[in-house]
Amino acid sequence: MCIRSILRTTLMLDRRHVRLAPRRSLFVAAIASWSGLAATPADLSLAQSSERIAVENSDNEIVVTGISGIVVNGRARRCRPVAGDPLDAVDLRSGYDTDPHSGLQVAKYMAIIPDGPSGYIAAPNAEQITGPAFWQRIGVGMDQYVFRAPSNNRPMCVGGSGGIDRFAGFRRIVHATPYRGHRLRFTAWVATGGAQQVSFWLAAGTQWHQQRGQLKARRTETNRLLNGGNTNAVPFGGNHGWTPVLIETGPIHKDADHISYGFDLQGSGDVWVYEPKLEIVANGLDPRTGNIIMIGRNQ
């Protein structure tokens with residue numbers, strides 16, 4: 001079934017729940033209805049109401065119902081941390097090495113992950129699996145960014161003033177076993193304010209080998225990307241109101257041991273993300289292989 005047919009089918013299935021404007025709302029209706037056309041390994045309820053996800057109430061702006069004050073005049077407001085978030089207290093000084101020749105600091109790709117009873121640590125990125133409930137903070141030069149993790153079904157955000165060689169974001173990494181042989185779909189809503197570049201990804205592969213616990217990570221020939229893609233080829237920066245994102249891939253390879261999905265902000269600005277979802281594409285709806293990557297209203 002082609003993407004045009006899938007969008008047309010989901011539009012008919014969910015026409016009751018989305019108010020449509022000419023030509024511009026097909027993708028909005030499709031994303032609103034996808035929550036009822038997919039299942040997770042945990043057999044989450046498929047009866048979520050699409051009414052609260054999104055409606056189109058004017059010719060110029062998508063309004064995500066129940067979420068107000070984040071987008072004003074087509075621009076997302078600044079990201080602010082939540083007071084008392086324990087991840088804000090993690091020491092990020094280990095995220096830099098000193099170049100032996102120049103003496104300058106070199107930023108490393110780091111991830112903030114749980115560390116047993118002691119709380120959380122910043123460790124070199126090794127594609128650490130931390131499960132479906134934990135959003136890892138990741139990046140290069142994370143001390144130049146602020147983070148706001150999702151809570152009570154509220155949006156999450158990243159903001160900062162890093163250079164174009166810096167980035168920060170959120171990701172989840174889960175075991176691949178329940179997803180092998182299935183197509184996966186990652187959807188979300190995104191809004192930005194003065195962002196240089198925002199990227200999303202969904203990927204399945206094999207983990208990096210690790211040495212000395214999590215203090216040193218290295219790529220090996222067994223570290224492979226087996227499925228997936230990202231939105232890097234789609235310039236998405238500046239100011240945007242709520243915009244739908246979709247990445248679909250699969251069937252997930254039998255050798256994959258983890259699934260990674262998330263988003264990051266490259267350089268400076270602010271990005272807000274609402275209702276990120278990873279779902280198995282329901283059997284029979286889409287027999288294709290390969291990737292679908294869509295960001296924006298007019299794709």
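Me: Is Phe-186 buried or exposed?
Reply: This is a predicted model. The relative accessible area of Phe-186 is 2%. Buried means under 20%. Phe-186 is therefore buried.

Me: Is Tyr-261 buried or exposed?
Reply: Tyr-261 has a relative accessibility of 4%. The cut-off for buried is under 20%. Tyr-261 therefore counts as buried.

Me: How many aromatic pairs does the structure hold, and how are the rings of Phe-186 and Tyr-261 arranged?
Reply: The structure holds 9 aromatic pairs. The ring centres of Phe-186 and Tyr-261 are 5.2 Å apart. Their planes stand at 65 degrees, and planes over 60 count as edge-to-face, so this pair is edge-to-face.

Me: How many residues apart in sequence are the parts that the pair of Phe-186 and Tyr-261 ties together?
Reply: Phe-186 lies in strand β14. Tyr-261 lies in strand β20, residues 258-266. The pair therefore ties together parts whose separation in sequence is 75 residues.

Me: Which residues do ring pairs link into a cluster?
Reply: Phe-186 and Tyr-261 both belong to this cluster. Phe-200 is also a member. The full set is Trp-135, Phe-147, Phe-170, Phe-186, Phe-200, Tyr-261 and Phe-263.

Me: Which strand gives the most to the largest nonpolar core?
Reply: The largest nonpolar core has 41 residues. Val-158, Phe-200 and Ile-259 have the most contacts inside it. The strand giving the most to this core, with 5 residues, spans 184-195: β14.

Me: How many residues does the other core have?
Reply: This other core lies apart from the largest one. Its members include Ile-67, Val-71, Cys-157 and Trp-242. Its residue count is 11.

Methods
Residues are numbered from 1 along each chain as its sequence is written. This is a predicted model: local features need pLDDT of at least 70, side-chain atom pairs count only at pLDDT 80 or more; totals for chains, interfaces and linings use all residues. Side-chain values use heavy atoms; hydrogens and water are left out. A nonpolar core is a set of buried Ala, Val, Leu, Ile, Met, Phe, Trp, Tyr and Cys residues joined through side-chain atoms within 4.5 Å. Buried means under 20% relative accessible area, exposed over 50%, partly exposed in between (1.4 Å probe, protein chains only). Helices (H or I, at least four residues) and strands (E, at least two) are DSSP runs, numbered from the N terminus. Rings of Phe, Tyr and Trp (its six-membered ring) pair if their centres lie within 6.5 Å; planes under 30 degrees apart count as stacked, over 60 as edge-to-face and the rest as tilted.
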